[in-house]
Amino acid sequence: MPAIKIQTELPGPKSKAWLDRRAAAIPRGVYAGTPIFIRSAQGATFEDLDGNRFLDLCGGIGCINVGHRNPRVVAAIRRQLDAFLHMCFQVTGYESYVELAEKLNQLTPGNFPKKTFFVNSGAEAVENAVKIARSHTGRSAVICFEDAFHGRTMMGLSLTSKTHPYKAGFGPFASDIYRIPYGVTSRARNRCGATLDAAYFERMLEDVFRQVVAAEQVAAVIIEPVLGEGGFVVPPAGFLEVLDTTCKRHGIVFVADEVQTGFGRTGTLFASAQFAIEPDLILTAKSLGGGLPLAAITGRAEIMDAPGPGGLGGTFGGNPASCAAALGVIEEFADGHLLRRANELGEQFRQRALAWQKEYDFIADVRGLGAMQAIEFSQPGNPSEPNAAAAKKIIQYSLKHGVLLLGAGTHDNVIRILMPLVISDEEFSEAMDVIENGLAYAAAELGLLASSAK
Ligand code: PLP
């Protein structure tokens, strides 16, 4: 039986009624990615108020790696609900907070003593990483990257690259922030990957320290090991390694923002583990909480201990239900089946998408790591000219036919997959069939002839 069931126009009448109430009650700045209101979700599927059933290739923007309502996670949350809901860890301790910190200290890459504390969102984790790095180094500058996304708080936005819709109109931003290419500029990316090597990156960073900001003023470099919102870009080979050694040489805190890449998405618990790097601080959020809000800052003990007592924390950070859920998530990953599944799903996607690329010359790139995979669209035969219209058409078509997909990329020309890793082979291939039809639909609608037809 197919997982997808679409029985009304979208939005159906019930979703439509709530959409109208939403428009009246909620500011338009809180973007409505779809016109759908949800009733329930399980595994990799969800149902809307009108009884339409969808396959979820979005996972609440990468938060549901262990599946919607993962039984182990739900049971852990239930046990916590029956005990207590909130005390504030800065007021009274509770076991799950410490236990979860111990687990993250052990599981994150890097064989050195570590410490962890918790906040509520990825953006807050970013804020705190900068505070800690500044406190530890006594320096203020932060280096970040083109196409980066680090959240919607003021420091998060200052470090984020994309202007519209994230930054425009919200400045002034934090000072002493310096943005450099993610190894290579985005327009050049599809053309020159092979020519870059360690010597090139070393020279590039030397030039940054000479022309942009002096190394001895830099507190932190913050980088996503694979760009998330920026379009699922894997950095050029060797770039992260050169960055890591350069940071170590200059006493700069190397921060890996694993908010989107973390918790199994890339086929290892942390993407950093797939590179020869040892970040000083690692930030996790999204899928860490299995659907509840939770973020962690984990790092070298001596760096994490730089701020004095009271300098870190927050009322709700590491709330008991979220910590219980995260311990459930970690148990779920313990036997390795979800990591194996992430790699299988990523490979299945790649095989299908590479075949599509042979057929359609408006597919500029198929890329990713593990299950963090994406397709970039360009003008036909011109990989450096973005084609946002194609990505949009495919996303719209897919939703109409029961598959929730997300876009990405500074030029909005990427579709990415962030499905729960518990999706079955049947469900995944059903979703891929819909995307395949969406490609044909977009090609016809936009006059993007298949290259084989030319
Ligand atoms: N960092 C990265 C890499 C992200 O992808 C995101 C969110 O998409 C954030 C930070 C911000 O996380 P949050 O939305 O939980 O504040």
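**Exercise 1. Strand β10 and its partners**

Task: State in which sense strand β9 and β10 pair and over how many bridges, then find the strand on the other side of β10.

Solution: In this predicted model, β9 (residues 281-284) pairs with β10 in the antiparallel sense, over four bridges. One of the bridge partners is easily located: L281 is matched with G299 in β10.

Next, take the strand order of the sheet, which reads β4-β10-β9-β8-β7-β5-β6. β10 therefore has β4 on its other side. β4 and β10 (residues 295-300) are also joined in the antiparallel sense, over six bridges. K115 has G299 in β10 as its bridge partner, and T116 stands opposite T298 in β10.

Finally, consider burial. Six of the six residues of β10 are buried, so the strand is mostly covered. The cut-off for buried is under 20% relative accessible area.

**Exercise 2. The seven-stranded sheet and its helices**

Task: Identify the edge strands of the seven-stranded sheet, and say which strands helix α9 and helix α10 touch.

Solution: The sheet is open and its pairing is mixed. Its edge strands are β4 (114-119) and β6 (177-180), each of which pairs on one side only. On average, neighbouring strands here are turned by 20° against each other, direction ignored.

Now add the helices. α9 (residues 198-211) packs on the sheet and touches β5 (141-145), β6 and β7 (218-223). The direction of α9 makes about 150° with that of β6. α10 (residues 239-250) also packs on the sheet, in contact with β5, β7, β8 (253-257) and β10. The direction of α10 makes about 165° with that of β7.

**Exercise 3. The four-stranded sheet**

Task: Give the strand order of the four-stranded sheet and explain why one side of β1 and of β14 is left without a neighbour in the sheet.

Solution: The order is β1-β2-β3-β14, in an open sheet with mixed pairing. β1 (38-42) and β14 (403-404) stand at the edges with a single partner strand each, so one side of each has no neighbour in the sheet.

For β14, the partner is β3 (residues 53-56); two bridges join these strands, which run parallel. One of the pairs to look for is D56 with L404 in β14.

**Exercise 4. Two helix pairs**

Task: Decide whether α3 is roughly parallel or antiparallel to α12, and do likewise for α13 and α15.

Solution, first pair: α3 (residues 71-81) and α12 (residues 320-333) pack at an angle of about 150°, with axes 8 Å apart. Angles over 145 degrees count as roughly antiparallel, so α3 is roughly antiparallel to α12. Their crossing is right-handed. On the α3 side, the contact uses R72, V73, A76, I77 and Q80; the α12 residues they meet include P320, A324, V329 and E332. By class, this contact has eight nonpolar, two polar and three charged residues.

Solution, second pair: α13 (residues 337-359) and α15 (residues 425-446) pack at about 25°, with axes 11 Å apart. An angle under 35 degrees counts as roughly parallel, so α13 is roughly parallel to α15. The crossing of α13 and α15 is right-handed. R341, L345, Q348, F349, R352 and W356 make up the α13 side; among the α15 residues they meet are D425, F428, M432 and E436. The contact of α13 with α15 has seven nonpolar, two polar and five charged residues.

Notes. Residues numbered from 1 in each chain as written. Predicted model: local features only at pLDDT ≥ 70, side-chain atom pairs only at ≥ 80, totals over all residues. Heavy atoms only, no water. Axes fitted to C-alpha atoms, helices over the stretch in contact; angles between N-to-C directions. Parallel < 35°, antiparallel > 145°, perpendicular 65-115°, else oblique. Left-handed = near helix turned anticlockwise from the far one by under 90°. Contact = heavy atoms within 4.5 Å. Nonpolar A, V, L, I, M, F, W, Y, C, P; charged D, E, K, R; others polar. Pairing = 2+ DSSP bridges. Buried < 20%, exposed > 50% of the residue type's maximum accessible area, 1.4 Å probe, protein only.
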